[in-house]
Amino acid sequence: MKKFSRLISKLEQSNKTNDKLSALVDYFSEADDADKIWVIALFTGKKPKRTINTKLLKEWIIKITGLPTWLFVESYHNVGDLSETIALLLPPSTSESDIPLHQWILELKGLVRSSDQEKKEFVLNAWQKLNTQERFVFNKLISGNFRIGISTKNLIHALAKLTGLDINHITHSIMGKWDPEQITFTDLINGSHVNTDSSWPYPFCLAHPIDVPVHELGPPLDWQAEWKWDGIRGQIIKRNDELFIWSRGEELVTDQFPELHIALLGLPNGTVIDGEILAVRDGEVLSFSTLQQRLNRKIIYKKQLEEAPIAFYAYDVLEFGGIDYRNEPLHTRRAILEQLLPIENIILTAPIVLFDSWEELVEERKQSRELNSEGIMLKHKDSLYHNGRKRGDWWKWKIEPFTIDVVMIYAQKGSGRRANFFTDYTFAVRDGDQFITIAKAYSGLTDKEIKEVNSFVVKNAIEKFGPVRTVKPELVFEIAFEGIAVSKRHKAGLALRFPRIVRWRRDKKVADINTLEDLQMLLQSTLRASER
Amino acid sequence: MRCKLITGILVIKNMALISFTNRGIYCKQGDFYIDPWLPVDYAVTTHGHADHVRWGNKYYLCHHFTKAIIKCRISADLIVESLEYGETVVRNGVEISFHPAGHVIGSAQVRLAYKGEICVISGDYKVEYDGVSTAFEPIKCHTFVSESTFGLPTYNWLAQNIIFDDIKKWAIQNKENHKTTVLIAYSLGKAQRLLQNLAGDLPIYVHNSIGRLNEAIEHAGVPLAAYQTITPELSKDELQGGILIVPPVMRDSKWIKSLQSAAVGVCSGWMQVRSHRRWQSADAGFALSDHADWRGLITAIKATEAEQIYVTHGFTSVFARYLSEQGIAAQAVATQFGQEDDDVAAEKEVII
């Protein structure tokens, strides 16, 4: 595992993509094939089933170090990562070892039916013969979460560089479901399994935010406009009389949406369509918060089926008659899509927004919010279905978010890269002479600003609850959000969607911030909008 | 306040020797301050970092080396009296002496003694000998004022020779890969420590703020290894073959970008933790600190045999709570220490 441990250090050490790429290429050119396949699995989020839970690990480390539990917790908050905290707290190791990565993984997997005592002996013994960095990696193997700044894209680039294979080919090969124990490195990379597995999805084509005025895109006739829907992007696949529904997060969600199973009857074999899973009633798209109650459920109750009925708005067809259509122009694909659909009132083609001039589209876009849409998508009618994000052919043209001024009242230490700074803030608006919590946000500031806010928090902390500090209400921020909804769970009675910091308003005082009344009025006006 | 039973009568022994005021740590009996943060008449100074010694006091008392350092860093006009380690002066009946703190060159623990009561204010300290600052000496006392910059059990340092070997290997690798090695280090302390321990293989170049300080230190009688101060005349090719030591303000400077593909290494105890290494987005992080690690703090405190510990900066409440649970009376005190030296604007001076 020493090679893998060194790879992880190198990947973490550098912030330059080229260094990361060459570290990956170096690793893949000298590592054991059996290890490589696991590295690809780990880096693409295919983690083996966890056999040792966090509770046990915490119990053991507290026992070994003899630290009081609260001090362990403080240390963990400071480090921001359990695997690392344990690695740093352990006394120095007594021996060395270099057991291959895949062997560690399989041995860990093999503990599934072992007793807690057997697990403990295995882990303590492992810790004894690993150095600090290797212990960290080993602990990560236990948890299966390798988030170390390597995107799937970087990984694919490295594999392409190593093998000389086409990037799109590799992307397609490593998507979907495969078992690191059943497949060899060469087979995986070559994608020999792709044609034999009916569930294989395609990489999604993504759009860039538009960064030029629309009228600079050329003649309106060249462009297809659609509403940008705020649901779950997905692919419906029917091959060999089997149906698969994939989410963009590469998760199989077939069972979560029984309404969509009519596609099994309605679609011919060898079809893959791309679209949005939405909650829709009487032809009206419902808010994302309605859809939310249908997500990640093992059992779906009748009530949920009634309250959040699902439909699929199809954007594109990627495979038809078993043939890959991604390199055909959009207008051709759209024509096929319109032949295939609708299937009842459930699987529909996403409506096209008709416009003759850009001015007209500007007008149309204004009603996005009323339709529960996030804005407009612009796709060139000749565009191919690209792998991932490519500039120029597809643009997303989102509506401006709402913004308000709020004051920071709590701060909490971040995790990961930000573990040592107060980076997660809770904001409040004014409610009479009180403050009322309205949102939590943690992005949108520069590193320099984060440091400044951090030192403000350190100096102006009023109370401490574990990692959270109550701070003097003084710093004013402008936050943006996409929507506002009634909420019983929040004290303010409403909740903001996607709140994030736009800027730190050093020019504003606490007296200048928005009030709860302002937000209630906004809520009323949006409710009226969706009633129409 | 400690009580003692003498011949059957309860006598309150001494008043505490120090109190914590808004100007800093104050000794009432002697009428002086230790490392005050607002101007006072008489400032006893532990060491030359900006959070411990400020401009504006009438008189300063410190170790000889610190005198040279603060005259160079703050102003040549300061009125400074200085002592050797172990030498004693008496002020209003209070004995004051300095004892090595091992933190940086000239750093001292201030020992106060008055009618048998002993209090030690340690400023910043580290237990491991760093090869250039006089080695830390534990002092027995009744009251001990301690830092806790790294007062969490996740901060335990490797022996410094291991870290220096790593740095040397990294620098040689950089040289071979046509990269320029740049080490980020505080100009007082870490810079001299790096210089002393890395010298020998590759030539060492230092930023002019470090160069000026080095001259003052050498002039005060501390021999340093060979180095060259960076000037515009030095070619980028020459620099590529050596090791460059620069203060943190230079971290994101244009000058670093003008070097032949700089490989930036940060030397700080914070580099122990991944999130800090990533935050710094440096090419390498070395967990090298001038502060005591967790084990160092505990060993040092136990060695003082003190009855009362005051924890002034760092993870104060956590560390004080741990000590209390171990049966050592400890209290966290809010002070203005711990704002690391080079974060202060004073360093933001003319670049090369």
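Reader: Where does Pro342(A) lie in chain A?

Author: Keep in mind that we're looking at a predicted model here. The peptide bond running from Leu341(A) to Pro342(A) is cis, and its omega is near 5°. As for the spot along the chain, Pro342(A) sits in the loop between helix H16 (330-340) and strand S10 (347-349) of chain A.

Reader: Okay, on to the two chains together. How many residues of chain B are in contact with chain A?

Author: Let's start with the area: about 2,600 Å² is buried between chain B and chain A, and carbon and sulfur atoms give 54% of that. Chain A brings 29 residues to the contact, and on the other side the number for chain B is 26 residues.

Reader: Which residue of chain A does Arg274(B) meet in a salt bridge?

Author: Between chain B and chain A the count is three salt bridges. Across that interface there are also four residue pairs in polar contact, both partners being at pLDDT 80 or more. In the salt bridge you're asking about, the N to O distance is 2.6 Å, and the partner of Arg274(B) is Glu12(A).

Reader: Which element gives the most to the side of chain B that touches chain A?

Author: Three elements of chain B give two or more residues to that side: helix H7 (274-280), strand S19 (284-286) and helix H9 (316-325). By class, the side of chain B that touches chain A has 12 nonpolar, seven polar and seven charged residues. With six residues, the element that gives the most is H7(B).

Reader: How many residues of helix H3 of chain B are buried?

Author: You can go through H3(B) by name: Lys190(B), Ala191(B), Gln192(B), Arg193(B), Leu194(B), Leu195(B), Asn197(B) and Leu198(B) are buried. Their cover includes helix H2 (160-176), strand S14 (180-184), strand S15 (204-206), helix H4 (208-219), strand S17 (243-246) and strand S18 (262-267) of chain B. After H3(B) comes Gly200(B), with a positive phi near 125°. Helix H3 covers residues 190-198 and is mostly covered, so to speak: of its nine residues, the buried ones number eight.

Reader: Which strands are the edge strands of the open sheet with the order S3-S4-S5-S6-S7-S8 in chain B?

Author: That open sheet has six strands, and its pairing is mixed. An edge strand pairs on one side only, and here that goes for strand S3 (19-20) and strand S8 (80-83) of chain B.

Reader: What is the bridge partner of Ile25(B) in S5(B)?

Author: Strand S4 (residues 25-27) and strand S5 (residues 32-34) of chain B run antiparallel, joined by three bridges. Within S5(B), the residue that bridges to Ile25(B) is Ile34(B).

Reader: Is Asn92(B) buried or exposed?

Author: First, its place: Asn92(B) is in the loop between strand S9 (88-91) and strand S10 (94-100) of chain B. Asn92(B) isn't a glycine, yet its phi is positive, about 50°. Exposed takes over 50% relative accessible area. Asn92(B) has 51%, so it counts as exposed.

Reader: And what is the relative accessibility of Ser261(B)?

Author: Ser261(B) is found in the loop between helix H6 (254-258) and S18 of chain B. Ser261(B) also has a positive phi, of about 25°, although it is not a glycine. Ser261(B) counts as partly exposed, because its relative accessibility is 41%.

Notes
Residues numbered from 1 in each chain as written. Chains lettered and ligands numbered in written order. Predicted model: local features only at pLDDT ≥ 70, side-chain atom pairs only at ≥ 80, totals over all residues. Heavy atoms only, no water. Contact = heavy atoms within 4.5 Å. Buried area = accessible area lost by both parts, 1.4 Å probe. Salt bridge = Lys/Arg side-chain N within 4 Å of Asp/Glu carboxyl O. Polar contact = N/O pair within 3.5 Å; in protein donor to acceptor, adjacent residues only side chain to side chain. Helix = DSSP H or I, 4+ residues; strand = E, 2+ residues; numbered from the N terminus. Nonpolar A, V, L, I, M, F, W, Y, C, P; charged D, E, K, R; others polar. Buried < 20%, exposed > 50% of the residue type's maximum accessible area, 1.4 Å probe, protein only. Pairing = 2+ DSSP bridges.
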